[in-house]
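Please find below a colleague's note on this structure, set out as numbered points. The sequence and the model come first, and the comments follow.

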Amino acid sequence: MRWKVINETRQKPLADQAERATTFARRFKGLMGVTRLDMGQGLHIQPCNSIHTFFMRIPIDVAFLDAQGRIVKQMMALPPWRTTSVYFQARSVLELPAGVLAASGTQEGDRLSFEPAPPA
């Protein structure tokens with residue numbers, strides 16, 4: 001299933017075809033090996049409070065979300081071969097194409113919502 005992700009605070013769409021990674025295998029793989037992440041795509045990793053970009057080929061925007069969907073930390077254009085700190089308040093992470101967070105005006109403290117996307 002794919003998901004629409006909306007920044008409820010700013011009433012801006014962030015993704016319309018995001019995938020969700022909830023199994024150990026899918027969370028472990030994440031976006032490793034992905035050579036392109038188009039606008040509208042994304043990956044919501046749950047549970048998660050820290051990530052790495054080892055073996056990735058593209059920079060990504062990252063939003064760490066608490067249990068209510070509020071952004072507790074965000075990183076823009078996180079390059080490959082990096083690690084993040086552990087954010088103890090975070091329960092999940094949304095990975096998006098680089099530039100999405102800035103273009104939407106998204107900021108820490110904003111609340112995101114997820115709803116099923118219509119079939120493509």
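Which helix gives the largest share of the lining of the largest pocket?

1. The largest share, three residues, comes from helix α1 (residues 24-29), where helices (H or I, at least four residues) and strands (E, at least two) are DSSP runs numbered from the N terminus. The model is a predicted one, in which local features need pLDDT of at least 70 and side-chain atom pairs count only at pLDDT 80 or more, while totals for chains, interfaces and linings use all residues. Residues are numbered from 1 along each chain as its sequence is written, and side-chain values use heavy atoms, with hydrogens and water left out.

2. The largest pocket holds about 200 Å³ of space, and of the 15 residues that line the largest pocket, Arg-27, Phe-28, Ile-45, Ile-51 and His-52 are the closest to its centre. A pocket is here an open set of points on a 1 Å grid over the protein atoms alone, where a 1.4 Å probe fits, with protein on both sides within 12 Å along at least five of seven lines, and lining residues have an atom within 4 Å of a point. The volume is the space filled by probe spheres set on the points, which are joined across faces, edges and corners.

3. The sheet is open and has seven strands, which follow the order β5-β4-β6-β3-β2-β1-β7 with mixed pairing; two strands pair if DSSP finds at least two bridges between them. Because β5 (71-78) and β7 (112-116) each have a single partner strand, they stand at the edges, and one side of each is left without a neighbour in the sheet. From one strand to the next the twist averages 30 degrees, the angles being taken on a scale from 0 to 180 degrees between the N-to-C directions of lines fitted to C-alpha atoms.

4. Strand β3 (residues 41-45) takes part in both kinds of pairing: strand β2 (residues 12-21) runs parallel to β3 and is joined to it by five bridges, whereas strand β6 (residues 92-97) runs antiparallel to β3 and is joined by three. On the β2 side, Ala-21 has Ile-45 of β3 as its bridge partner, and on the β6 side Leu-43 is matched with Glu-95. Four of the five residues of β3 are buried, buried meaning under 20% relative accessible area, exposed over 50% and partly exposed in between, with a 1.4 Å probe and protein chains only.

5. Strand β4 (residues 60-65) pairs with β5 in the antiparallel sense over five bridges, and with β6, also in the antiparallel sense, over six. Phe-64 has a place in both pairings, since it stands opposite Lys-73 in β5 and opposite Val-93 in β6; Ala-63, for its part, stands opposite Gln-74 in β5. The two strands β4 and β5 form a hairpin with five residues between them, and Gly-69 in the turn has a positive phi of about 85 degrees.

6. How many of the six residues of β4 are buried? Six are, and both faces of the strand are covered, with Ile-60, Val-62 and Phe-64 on one side and Asp-61, Ala-63 and Leu-65 on the other.

7. Ser-92, which is placed in strand β6, counts as buried because its relative accessibility is 4%. Its side chain makes a polar contact of 2.9 Å with the side chain of His-44, a polar contact being a pair of N or O atoms within 3.5 Å, of which, within protein, one must be able to donate a hydrogen and the other to accept it, and for which residues adjacent in sequence count only if both atoms are side-chain atoms. Leaving aside residues up to four places away in sequence, Ser-92 touches His-44, Ile-45, Gln-46, Cys-48, Ala-63, Phe-64 and Leu-65, contact meaning heavy atoms within 4.5 Å.

8. Some backbone details deserve a check by eye. The peptide bond from Gln-46 to Pro-47 is cis, with omega near -5 degrees, and Pro-47 lies in the loop between β3 and β4. Phe-55 lies in the loop between β3 and β4 and has a positive phi near 65 degrees, although it is a residue other than glycine; with a relative accessible area of 52%, Phe-55 is exposed. Ala-77, in strand β5, has a positive phi near 50 degrees and is partly exposed, with a relative accessible area of 39%.
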